[in-house]
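Thank you for sending this model; my comments are set out below as numbered points, to be read beside the sequence and the coordinates.

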Amino acid sequence: MNTIKIFRVFLILILFVFTSCNVTKNGIVAHRGAWKKNNLPENSIAALRHAIDLKAVGAEFDVVMTADDSLVINHDPHYNKLIVEETKYADLIKFKLSNGEKLPTLREYILEGLKNNKHTTLVCEIKPSGVSKERGKKIALKAVEIVKSLKAEKITTYISFDYDILKQIREVDSKTTLQYLEGNKSPKEVKKDKITGVDYHYSVFKKHPDWIKEAKDNKITLNVWTVNDINDMDWIIENNFNYITTNEPELLSERIKIKK
């Protein structure tokens, strides 16, 4: 009996070490879903579904808020020539995406991400508000509230170019994964603010190659965007980033297999 207990404790310790370290290498994050190869609309439910079907480690998407405080999935501040933050949701969905879908809400997107998904993290980018910094923080809090209400915390992480948005999320959620996008802070700097990852354009890491080692030494997650060129893919693969965000998940998967 004692031997069994010791073995169980040993397994728990191994699991703890495994989950607490930066063990993921070159995990593929589909940028705005897996849309390009099959000519799907970016940020669409179909693009998310395809990323899940490809077993991508992550599917990134963008959140903005309408004039009547609905959170929708759209990259740009405008949709069909309408400024999202100045337009009500009912007016936005009068215009369909190219595959016939309506503009999805965050709730609809998360619900889809929960279906038949055991491997793809939902990487929620909260766009800075064009109205005010305070509105950006409001969007962050509302997004976290929706994710928690759907019990999707374990499969959702947050990224943003607005550092204050990430700090706002950390105030209400001490455990969630946060990654900073702007590229103007070192891994040590983000660690001080309890931001768990740096998710920078690959050019930032080429300019600051020392940040790669600094992130690994400080257990700060390394992500990089948006990597579509084979040469850039190969350089990042060789440097063992945790995650690689790309519009070409199928191509990147092939490059990773070749480089193994």
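The points that follow go from the overall fold to one helix, one pair of helices and a few single residues.

1. Overall fold. This is a predicted model, and every value quoted here was computed from it. The protein holds eleven helices and eleven strands. Its radius of gyration is 19 Å, close to the 18 Å that the globule rule gives for 260 residues, so the protein is as compact as a globular protein of that length. The C-alpha trace spans about 65 × 40 × 40 Å along its principal axes.

2. Burial and contacts across the chain. Of the 260 residues, 49% count as buried, where buried stands for a relative accessible area under 20%. If one takes the contacts between residues at least 6 apart in sequence, 55% of them join residues that are at least 24 apart.

3. Helix α2. This helix, residues 45-53, is mostly covered, since seven of its nine residues are buried. The buried residues are I45, A47, L48, R49, H50, A51 and I52, a list that takes in the charged residue R49 as well as nonpolar residues such as L48 and I52. The elements that cover them include the strands β1, β2 (58-65) and β6 (121-126), together with the helices α4 and α11 (249-259).

4. The loop before α2 and the residue after it. Most residues other than glycine have a negative phi, and two residues around this helix are worth a look in that respect. N43, in the loop between β1 (27-30) and α2, has a positive phi of about 65° although it is not a glycine. N43 is also buried, with a relative accessible area of 3%. On the other side, α2 is followed by K55, whose phi is likewise positive, near 60°.

5. The pair α4 and α5. Two packed helices are described by the angle between their axes and the distance between the axes. Here the axes of α4 (residues 106-113) and α5 (residues 133-149) come within 10 Å and cross at roughly 40°. That angle makes α4 oblique to α5, because angles under 35 degrees would count as roughly parallel and those from 65 to 115 as roughly perpendicular. The crossing of α4 past α5 is right-handed.

6. Residues between α4 and α5. From α4, the residues L106, R107 and I110 meet A143, I146, V147 and S149 of α5. By class, this contact has five nonpolar residues, one polar and one charged; R107 is the charged residue, and S149 is the polar one.

7. K151, in the loop after α5. Which sign does phi have at K151? The value is positive, near 55°, in a residue other than glycine. K151 is found in the loop between α5 and β7 (156-160), and K151 is exposed, with a relative accessible area of 68%, whereas N43 is buried.

8. L181. This residue is found in the loop between β8 (178-180) and α7 (187-192), and at 3% relative accessibility L181 counts as buried. If residues up to four places away in sequence are not counted, L181 touches E125, I159, S160, F161, D199, Y200 and W225. Of these, E125 belongs to β6, while I159 and S160 belong to β7. L181 and Y243 are 62 residues apart in sequence and 13 Å apart in space, C-alpha to C-alpha.

Note on methods:
Residues numbered from 1 in each chain as written. Predicted model: local features only at pLDDT ≥ 70, side-chain atom pairs only at ≥ 80, totals over all residues. Heavy atoms only, no water. Axes fitted to C-alpha atoms, helices over the stretch in contact; angles between N-to-C directions. Helix = DSSP H or I, 4+ residues; strand = E, 2+ residues; numbered from the N terminus. Parallel < 35°, antiparallel > 145°, perpendicular 65-115°, else oblique. Left-handed = near helix turned anticlockwise from the far one by under 90°. Contact = heavy atoms within 4.5 Å. Buried < 20%, exposed > 50% of the residue type's maximum accessible area, 1.4 Å probe, protein only. Rg over C-alpha atoms; globule rule 2.2 N^0.38 Å.
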